[in-house]
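Please look through the sequence and the model below before reading on. The report is meant for someone meeting this structure for the first time.

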Amino acid sequence: MSEKAVALTGSESALVVAALFALAEWPFTNAKAKSLIGADKSAGERLSEVLSARWTRLLEGAGLWNRGSAWTPELIARRAALRPALTLGATEIPIAATALEAVSEEFSGDWEEFCTVAPGALQWYPLGPQDVSTLAGRLKAVLPG
């Protein structure tokens with residue numbers, strides 16, 4: 001059996017990094033979101049650090065890291081268009097999918113709040129609330145069973 005991997009676009013990479021950040025840092029209050037997280041909280045914290053560092057290195061390598069400069073919609077548009085961006089390995093996919101599902105539940109109906117919670121000027125990416133559940137579904141589709 002070969003190991004599954006999922007290649008993400010720049011926008012999807014930013015969304016996964018933001019969802020994992022929320023999983024690690026946000027005090028989820030929605031009952032369904034909390035039940036989804038369960039034991040994945042500590043795994044999510046570790047993966048958040050790992051993927052955030054990989055995303056930063058990828059952006060630095062592409063000349064899209066904004067060290068010390070202002071975030072702009074133009075910078076975010078270039079990041080969103082980045083291909084290839086992050087690739088999630090088989091052990092990362094279920095945790096990322098859980099983070100996205102939990103975010104979808106917790107911030108259902110309040111995309112602006114999620115954009116405020118998540119670092120990285122998420123509001124400037126060509127993303128919306130539906131993209132969270134769509135990407136979670138895409139990740140879950142490659143999981144066994």
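What follows moves from the overall build of the chain to its salt bridges, its largest pocket and a few single residues.

**Overall build**

The model described here is a predicted one. Its chain has a secondary structure of seven helices and two strands, and, read from the N terminus on, the elements follow the order β-α-α-α-α-β-α-α-α. The chain is as compact as a globular protein of its length, because its radius of gyration of 14 Å is close to the 15 Å that the globule rule gives for 145 residues. The C-alpha trace spans about 40 × 40 × 25 Å along its principal axes. Of the 145 residues in the chain, 46% are buried. Among the contacts in the chain with a separation of 6 or more, 80% are between residues 24 or more positions apart.

**Salt bridges**

The count of salt bridges comes to four, and the table sets out three pairs, including the distance between nitrogen and oxygen for each.

| Acidic residue | Basic residue | N to O distance |
|---|---|---|
| Glutamate 12 | Arginine 138 | 2.6 Å |
| Glutamate 105 | Lysine 32 | 3.6 Å |
| Glutamate 101 | Lysine 140 | 2.8 Å |

Which helices are tied together by the salt bridge of glutamate 12 with arginine 138? Glutamate 12 forms this salt bridge with arginine 138; glutamate 12 lies in helix H1 (residues 10-25) and arginine 138 in helix H7 (residues 129-140), so the pair ties together parts that are 126 residues apart in sequence. Glutamate 12 is buried, since its relative accessible area is 19% and the limit for that class is under 20%. Arginine 138, by contrast, is partly exposed, with a relative accessible area of 33%.

In the next pair, the side chains of glutamate 105 and lysine 32 meet in a salt bridge. Glutamate 105 belongs to helix H5 (residues 93-106) and lysine 32 to helix H2 (residues 31-37), so this pair ties together parts that are 73 residues apart in sequence. Glutamate 105 is partly exposed, with a relative accessible area of 26%, and lysine 32 is likewise partly exposed, with a value of 48%.

Helix H5 takes part again through glutamate 101, whose side chain meets that of lysine 140 in a salt bridge. Glutamate 101 lies in helix H5 and lysine 140 in helix H7, so the parts tied together by this pair are 39 residues apart in sequence. Glutamate 101 is partly exposed at a relative accessible area of 21%, and lysine 140 is partly exposed at 40%.

**The largest pocket**

The largest pocket has a volume of about 280 Å³. Its lining is made up of 19 residues, and Val17, Ser52, Trp55, Pro119 and Gly120 are the ones that lie nearest its centre. Helix H1 and helix H3 (40-61) each supply at least two residues of this lining, and H3 gives the most, with seven residues. Sorted by class, the lining of the pocket has eleven nonpolar, four polar and four charged residues.

**Single residues**

Two serines can be looked at in helix H3. Serine 48 is found in helix H3 and counts as buried, with a relative accessibility of 11%. Leaving aside its neighbours within four places in sequence, serine 48 is in contact with Leu20, Phe21 and Ala24. Serine 42 also lies in helix H3, but serine 42 is partly exposed, with a relative accessible area of 37%. Between serine 42 and glycine 109 there are 27 Å in space, C-alpha to C-alpha, while the two are 67 residues apart in sequence.

Where is cysteine 115 placed, and is cysteine 115 buried or exposed? Cysteine 115 has its place in helix H6 (residues 111-117) and is buried, with a relative accessible area of 8%. If its neighbours within four places in sequence are left aside, cysteine 115 is in contact with Leu122 and Gln123. Cysteine 115 and leucine 36, which are 79 residues apart in sequence, are 21 Å apart in space, C-alpha to C-alpha.

Notes. Residues numbered from 1 in each chain as written. Predicted model: local features only at pLDDT ≥ 70, side-chain atom pairs only at ≥ 80, totals over all residues. Heavy atoms only, no water. Helix = DSSP H or I, 4+ residues; strand = E, 2+ residues; numbered from the N terminus. Buried < 20%, exposed > 50% of the residue type's maximum accessible area, 1.4 Å probe, protein only. Contact = heavy atoms within 4.5 Å. 1 Å grid on protein atoms, 1.4 Å probe; cavity = no way out; pocket = protein on both sides within 12 Å on 5 of 7 lines; lining within 4 Å. Points joined across faces, edges and corners; volume = space filled by probe spheres on them. Nonpolar A, V, L, I, M, F, W, Y, C, P; charged D, E, K, R; others polar. Rg over C-alpha atoms; globule rule 2.2 N^0.38 Å.
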